[in-house]
Every structure is written in structure tokens, then in C-alpha cells.
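Please look through the structure shown here, at your own pace, before reading on. The paragraphs that follow go through its rings, its sheets and some single contacts in turn.

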Amino acid sequence: MLYDRARIFVQAGGGGDGVVSFRREAHVPKGGPDGGDGGRGGDVVLVVDPSLRDLQPFRRGRAHYKAARGAHGEGAGRHGASVEPLEVPVPPGTTVWDPERDARWDLVAPGQRVVVARGGLGGRGNARFKSSTRQTPRFAERGLPGEEGWIELKLRLLADAGLIGLPNAGKSSLLARMTRAQPKVADYPFTTIEPVLGMLEAGERQVVLADIPGLIEGASAGAGLGHEFLAHVERTRLLVHVLDLAPLDGSDPLANFETVEEEIAAHGAGLERLPRILALSKADLVPPERAGAAAEEWRARLGDRVRHVIVTSAATGEGLDALRAAIVEGVPLEPALPDAEEAPRALAEHRVYRPAEAEEISVARNANGVFRVGGQRVERLLQRHDIDNPESLAYIEERLRALGVIRRLEAAGFQPGDDVEIAGTVFELDPGTPFRS
């Protein structure tokens with residue numbers, strides 16, 4: 001069974017803690033702080049592995065992926081080691097969606113990588129806080145936690161052309177005759193319950209052809225089986241609509257054609273704009289003159305809507321060479337470029353660092369009279385430092401003053417001794433003196 005969806009939890013490694021240490025060696029005068037920094041935590045990285053076919057490893061294996069934490073700092077100025085990223089292999093054609101950040105990436109090329117959870121930064125050791133006014137700092141920073149959360153993986157097959165049509169239209173039989181694929185073929189509906197890939201070879205060219213499970217009315221809204229696999233034709237550059245010349249159930253071929261086309265259009269993703277080839281299948285079941293007349297009628301009816309109308313028979317081989325040549329001709333030599341709206345999702349091969357905009361720091365007073373201070377830099381300040389350490393608390397107040405938090409609090413009506421909440425922790429703040437918990 002083809003597994004084309006998975007949901008996994010990723011957790012990057014936290015940063016290592018800085019350490020408080022002082023140089024104390026015999027016969028070495030003027031010892032001082034020498035605590036080292038903590039190492040950076042490991043990222044969680046998805047990497048395209050061309051040997052994978054689908055997302056089955058995520059179904060039968062682990063659903064949680066956790067990178068290692070950075071090493072803690074040590075004395076004598078020794079920094080903790082940073083951790084290598086945790087690489088998670090995924091098959092080509094995987095789309096990754098992070099619902100919390102509303103971010104999406106398309107992974108199509110072998111070796112392509114994307115960081116889905118970044119490791120936390122390591123904390124600074126006490127040697128970093130030495131100054132002319134603070135010569136023996138007895139505090140250090142804690143490492144920050146790594147990013148974590150659930151992400152969704154969806155597989156969209158990397159096929160050049162897709163066979164679409166109603167159940168039992170003859171798609172699997174055509175694929176089996178034109179390629180070395182071995183799809184299941186039977187005379188009952190929904191024989192194909194998962195996409196099947198085959199390779200067309202014409203000289204030095206190779207074209208990947210996908211047999212998509214049959215579509216029925218309402219497929220785009222969730223009916224039948226085909227709706228589960230409509231996304232697999234989104235990457236194709238040509239659609240071959242396989243239409244039964246003489247359906248055994250007596251249905252109207254014209255109505256059958258419109259049913260499938262309406263579901264393709266309803267799915268969206270630009271599928272309705274893809275070029276078409278109409279393959280009239282099972283010609284061996286009708287007289288030759290009837291098949292020829294039907295082909296002429298469809299050419300006149302559809303006009304420019306399709307590139308070719310070809311009468312085929314998987315049983316006798318009629319029209320298969322012409323269909324194969326039309327498919328190879330209809331697929332461009334060069335890969336398709338992403339649409340304008342897709343372009344920002346393409347993954348760069350390098351990182352670009354730009355100056356960050358000034359972070360907004362918020363100050364608000366709640367119904368209980370507590371002043372709540374928000375802002376990533378302020379919250380990280382509390383995460384990094386031990387609030388039970390008096391020197392650490394003095395440093396926190398110093399940084400709050402430098403960031404303009406004290407000024408914002410006073411503008412909001414703050415009085416010395418009022419309670420302040422930062423990152424879920426409530427303090428009694430009296431500027432000029434250390435925090436009192």
C-alpha cells in the first residue's frame with residue numbers, strides 16, 4: 001500500500017548551559033572567571049532520499065524525532081560542543097507543512113534539505129560577563145530550548161504525465177502495455193487503489209507515467225477513492241484522459257468525460273490548465289468504423305481543449321505507439337518552473353541573514369494590577385537566567401533598563417514595588433534594587 005501522508009513530531013535539541021567557574025591554580029596570580037559557553041542544540045533536518053518510494057517508514061516506525069542537546073560549558077574556558085543536526089530522510093515529492101508557523105516546503109530534488117526545527121542557542125559562561133564593574137560574576141546563562149511541534153508530510157508523485165478517468169476506463173491496462181509497470185487489472189470498480197508509476201522510453205528520453213485511481217462524481221469533495229490521490233497529478237505536466245468507448249454499464253461517454261473534467265477543475269491547483277490527450281480505450285469491443293466515427297466526433301467537439309484524440313486498445317495494441325509518441329512529445333524537455341505563488345516556497349541552497357527589525361516590546365496591566373511584559377528578547381532573558389541568583393537578577397534588571405522596559409513600565413503607571421510578569425513568572429520589581437521573588 002502506498003503511504004502518502006504522515007504526521008510526525010520534531011524536537012530540536014536545547015542549547016547547553018554556560019558554567020560558573022573561576023581560575024584557581026597554584027602559582028598563577030590574578031585568577032578570574034573562566035566559565036565556558038554551552039554548545040548549540042541539534043537541528044532537525046528533512047533530507048530528500050531518492051531511494052525512498054513513499055512515507056511508509058513514518059507509519060511503521062517512529063513518529064517522534066528528537067535531536068541531541070548541546071554540551072554544557074566547562075571551566076578553564078572550555079566551551080561545550082555543538083551537536084550535528086538530526087537528518088530525517090523523506091522521498092522526492094514530499095510536501096512539508098508546519099501548521100503552527102504556517103510554513104510549507106516542497107522537497108523534490110535528491111539531497112534537498114530543509115530545517116524544520118532549529119536547535120536552541122547555548123548559554124554564555126560567567127567569563128562572558130566580566131567587566132570593569134563586575135570582575136567576579138557568579139552567574140551564567142542557561143541554554144535555550146529547541147523548536148518543537150507537529151508537522152504534516154504529504155507525498156505528491158513526481159510523474160511527468162498522469163492517466164485520469166472513471167473506474168474501469170482502462171487506465172491500468174494501457175499502463176501495463178506501454179510500460180513495464182504491473183498494476184492490478186480486473187473488471188470491477190476501483191481495481192486501482194493506489195497510484196502506480198511506469199516509465200516510457202523513447203530514444204534517450206524517459207517519461208514517468210502515473211496511473212491515478214479512478215475518479216467519480218464528488219471525488220474532489222471526498223467521495224470514492226480518487227480524491228485521496230488527486231494531489232498526485234499536481235506535479236504532472238500532461239494529463240491523458242482515458243475514456244471507455246462503450247461502457248459496460250451503458251453510461252454516456254460524454255457525461256463520463258465531463259464528470260472527470262469537473263472533478264479535476266474542482267480540485268484546483270491549476271490542473272484544469274494542463275494540456276490533455278484523449279485516449280478512447282477498449283476499441284476492440286466496438287466495430288472499427290464506430291471507433292473511427294467516435295474519434296472524429298470528439299475532435300470536433302473538443303477542438304483546442306485536447307491536443308490529440310487517439311483510439312486505443314490494450315488488448316490488441318491498437319494506437320499504443322501513437323499514444324506513446326504523443327505523451328513523449330507533449331511533456332517538455334525542461335522541468336516546469338514554479339508559479340509565482342509557489343516560487344517563495346522553493347528552498348535556497350544557502351542562508352541569507354538580514355538585519356532584524358526592532359522588536360516590539362509590549363507592556364499591559366491586567367485586572368489584578370500586574371504589569372505583563374511581552375517580547376521575545378525579554379522572555380528569552382528570563383529563560384536564560386536563574387531568578388534565584390541575586391547577581392543574575394541584578395543583571396536582568398540591568399538588561400531590562402537597557403531594553404527600555406523600565407521606561408515603558410513607568411509610562412504605563414508602574415510604581416516601584418508593583419508586580420511584573422515576564423514569561424509566566426511574576427516578580428516584585430523595585431528599580432535600583434535586585435528583584436524580589
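The structure holds seven aromatic pairs, where rings of Phe, Tyr and Trp (its six-membered ring) pair if their centres lie within 6.5 Å, planes under 30 degrees apart counting as stacked, over 60 as edge-to-face and the rest as tilted. One of these is the edge-to-face pair of F58 and Y65, with 6.0 Å centre to centre and 70° between the planes. F58 is buried, with a relative accessible area of 7%, and Y65 counts as buried at 11% relative accessibility; buried means under 20% relative accessible area, exposed over 50% and partly exposed in between, taken with a 1.4 Å probe and protein chains only. F371 and F414 also form an edge-to-face pair, at 5.8 Å centre to centre and with 80° between the planes. Because F371 lies in strand 16 (residues 371-374) and F414 in the loop between helix 8 (405-411) and strand 17 (419-422), this pair ties together parts that are 43 residues apart in sequence. Both F371 and F414 are buried. Elsewhere, F129, F139 and Y395 are linked into a cluster by ring pairs.

Before going further, a word on the basis of these values is in order. This is a predicted model, in which local features need pLDDT of at least 70 and side-chain atom pairs count only at pLDDT 80 or more, whereas totals for chains, interfaces and linings use all residues. Residues are numbered from 1 along each chain as its sequence is written, and side-chain values use heavy atoms, with hydrogens and water left out.

Seen as a whole, the chain has eight helices and 18 strands; helices (H or I, at least four residues) and strands (E, at least two) are DSSP runs, numbered from the N terminus. Of its 437 residues, 46% count as buried. Among contacts in the chain between residues at least 6 apart in sequence, 72% join residues at least 24 apart, a contact being heavy atoms within 4.5 Å.

Strand 2 (44-48) is a useful place to begin with the strands. Five of its five residues are buried, and the covering extends to both faces, with V44, L46 and V48 on one side and V45 and V47 on the other. Strand 2 runs parallel to strand 4 (residues 86-90), joined to it by five bridges, and V48 has V90 as its bridge partner in strand 4. Strand 2 is also joined to strand 7 (residues 113-117), by four bridges and in the antiparallel sense, with L46 standing opposite V114. Two strands are said to pair if DSSP finds at least two bridges between them.

Just ahead of strand 2, D43 has its place in the loop between strand 1 (5-11) and strand 2. D43 counts as buried, because its relative accessibility is 9%. Its side chain reaches the backbone nitrogen of G119 at 2.6 Å.

Two open sheets can be followed next. One has five strands in the order 3-1-8-5-6, with mixed pairing. Strand 3 (64-66) and strand 6 (103-107) stand at its edges with a single partner strand each, so one side of each is left without a neighbour in the sheet. On average, neighbouring strands of this sheet are turned by 25° against each other, direction ignored. Within this sheet, strand 5 (residues 94-98) and strand 6 pair in the antiparallel sense over five bridges, and the bridge partner of T94 in strand 6 is L107.

The other open sheet has six strands in the order 10-11-9-12-13-14, again with mixed pairing. Its edge strands are strand 10 (196-202) and strand 14 (308-311), each of which pairs on one side only. Strand 9 (residues 161-164) and strand 12 (residues 238-244) run parallel and are joined by four bridges, with I164 standing opposite H241 in strand 12. Helix 3 (residues 253-267) lies across strand 9, strand 12 and strand 13 (276-281), and runs at about 150° to strand 12; axes are lines fitted to C-alpha atoms, for helices over the stretch in contact, and angles run from 0 to 180 degrees between N-to-C directions.

Lastly, the charged end of R7 sits over the ring of W150, 4.4 Å from its centre, and the charged end of R301 sits over the ring of W298, 4.5 Å from its centre. A charge sits over a ring if NZ of Lys or CZ of Arg is within 6 Å of the ring centre and within 35 degrees of the ring normal.

How values were computed: A polar contact is a pair of N or O atoms within 3.5 Å; within protein, one must be able to donate a hydrogen and the other to accept it, and residues adjacent in sequence count only if both atoms are side-chain atoms.
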